[in-house]
Every structure is written in structure tokens, then in C-alpha cells.
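User: I am new to this structure and would be grateful for a close look at one part of it. Please describe the surroundings of a single residue in detail, and then place that part within the whole.

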Amino acid sequence: FSGGECLHQPDFLEAMMREARLRELHITLDTTGLAREAVLDRVLPLADLVMFDIKHLDPGRHRELTGVDNALILKNLEKTARSVRTWIRIPLAAGVNDDDDHIGRLIALAVDLKPDKISFLPFHEGGAAKLPQIGSNKPSFQGAAPSDKRIAHLKSLVETAGLRVTVGS
């Protein structure tokens with residue numbers, strides 16, 4: 001279950017997850033984690049896997065990039081990782097969240113939470129073609145993917161910490 005943010009429609013999400021569970025289907029949530037704890041309490045027991053996106057660990061930088069604080073998101077990440085298989089996904093943008101310090105903080109968090117893997121998702125403008133459909137012609141974020149060399153360096157930092165990391169998935 002994905003969407004914009006699947007956790008923003010908890011009644012529908014829970015009903016769909018329960019139906020999927022009855023049909024013995026694998027259930028994956030793709031989320032930013034911005035939801036009340038009560039919503040997580042309803043849906044996490046029904047999930048087999050959560051793909052949890054983290055834009056930035058620094059509260060100020062996260063607020064600047066997304067318009068929201070990340071305290072609830074990080075609290076929900078901890079709750080999620082301690083209760084269901086979790087992949088931490090990092091949408092990587094050059095000069096935004098691809099510095100060694102930020103990745104070092106991410107590694108420390110992941111060593112504590114023990115996710116199945118960390119996924120680096122290099123920035124792309126795949127959604128730009130959809131902007132006219134929502135009445136916009138200007139992307140909300142101007143970014144670029146880190147270089148392949150930079151991504152390989154970050155990947156090696158994560159692997160050196162004994163964590164599994166993938167790029168693009």
C-alpha cells in the first residue's frame with residue numbers, strides 16, 4: 001500500500017489490509033511515517049513489511065525540506081522497526097542528505113533498529129510528467145542525484161557497519 005501517504009486514510013487502509021490478510025496476500029506499506037501512533041497500532045500488526053522513507057534526520061533540515069518536523073516520524077520509525085520487518089529508504093539528493101555526517105547518523109540509527117536493509121533511492125524527476133495533472137507546472141523540489149561515485153562511497157560506509165544496503169530498490 002502506497003499512494004501519497006497510505007496512513008492518512010487509516011479506515012480504508014485497515015479494511016484493505018484485513019481483506020488482504022484473509023486472502024493470504026503479502027502486505028507491504030510504503031510510508032513516510034507521518035501518522036498518529038494510534039494509526040500504527042491498528043495497521044502494523046497486519047503488515048509483513050514496511051518500507052519507511054526518511055528524508056533527513058536533522059529536525060531543522062527536515063522541516064525546511066518537507067514543511068513538517070520529523071520527531072513523530074522518527075518515533076514511528078522506531079516503533080515500526082521494533083515490531084515488523086522494515087526497510088529504511090533514503091531518497092538521496094546531492095548536497096541535501098548525501099553527506100558523510102548525515103549517513104553516519106543514519107548508520108547509527110540503523111545499527112540500533114536493525115532494519116532488514118537500507119535502500120538508497122537516488123533523486124529522479126519521474127513525477128515531473130504528472131505535474132500538469134495536479135494543476136502545477138513547477139516541481140516543488142529542485143534536486144539532482146548524487147554521482148555514482150558518491151553513491152558507491154555511501155554504500156561502502158553502510159556495508160562497513162555490517163548493514164545491508166541496496167541502491168534503487
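Analyst: A suitable starting point is a polar contact: the side chain of Asp 98 places a polar atom 2.8 Å from the backbone nitrogen of Gly 95. The model discussed here is a predicted one.

Asp 98 belongs to the loop that runs between β3 (85–92) and α5 (100–113). Is this residue buried or exposed? Its relative accessible area is 9%, and because buried means under 20%, Asp 98 counts as buried. Beyond its neighbours within four places in sequence, Asp 98 is in contact with Leu 92, Ala 93, Ile 103, Pro 146, Arg 150 and Leu 154.

The two elements on either side of this loop, β3 and α5, also appear in the packing of helix α4. Within α4, which spans residues 71–81, the buried residues are Ile 73, Asn 76, Leu 77, Thr 80 and Ala 81. They lie on the same side of the helix, because they cover an arc of only 125° around its axis. These buried residues pack against β3 and α5, and also against α2 (37–43), β2 (49–53) and α3 (59–66).

Helix α5 also holds Arg 105. With a relative accessible area of 35%, Arg 105 is partly exposed, whereas Asp 98 in the preceding loop is buried. Apart from neighbours within four places in sequence, Arg 105 is in contact with Leu 57 and Asp 58. His 56 is 49 residues away from Arg 105 in sequence, yet the two C-alpha atoms are 10.0 Å apart in space.

The surface offers another view. Phe 1, Phe 12 and Met 16 make a nonpolar surface patch of about 280 Å². Of these, Met 16 is located in helix α1 (residues 10–22) and is partly exposed, at 35% relative accessibility.

These parts may now be set within the whole. The protein contains six helices and five strands, and from the N terminus on the elements follow the order α-β-α-β-α-α-β-α-β-α-β. Of its 169 residues, 40% are buried. Among contacts between residues at least 6 apart in sequence, 67% join residues at least 24 apart. The accessible surface comes to about 9100 Å², and carbon and sulfur atoms account for 54% of that area.

Notes. Residues numbered from 1 in each chain as written. Predicted model: local features only at pLDDT ≥ 70, side-chain atom pairs only at ≥ 80, totals over all residues. Heavy atoms only, no water. Helix = DSSP H or I, 4+ residues; strand = E, 2+ residues; numbered from the N terminus. Buried < 20%, exposed > 50% of the residue type's maximum accessible area, 1.4 Å probe, protein only. Polar contact = N/O pair within 3.5 Å; in protein donor to acceptor, adjacent residues only side chain to side chain. Contact = heavy atoms within 4.5 Å. Arc of directions from axis to C-beta. Areas by Shrake-Rupley, 256 points an atom, 1.4 Å probe, with all protein chains shown as cover. Patch = residues over 30% accessible without salt bridge, like charges linked within 9 Å, V, L, I, M, F, W, Y side chains within 5 Å. Salt bridge = Lys/Arg side-chain N within 4 Å of Asp/Glu carboxyl O.
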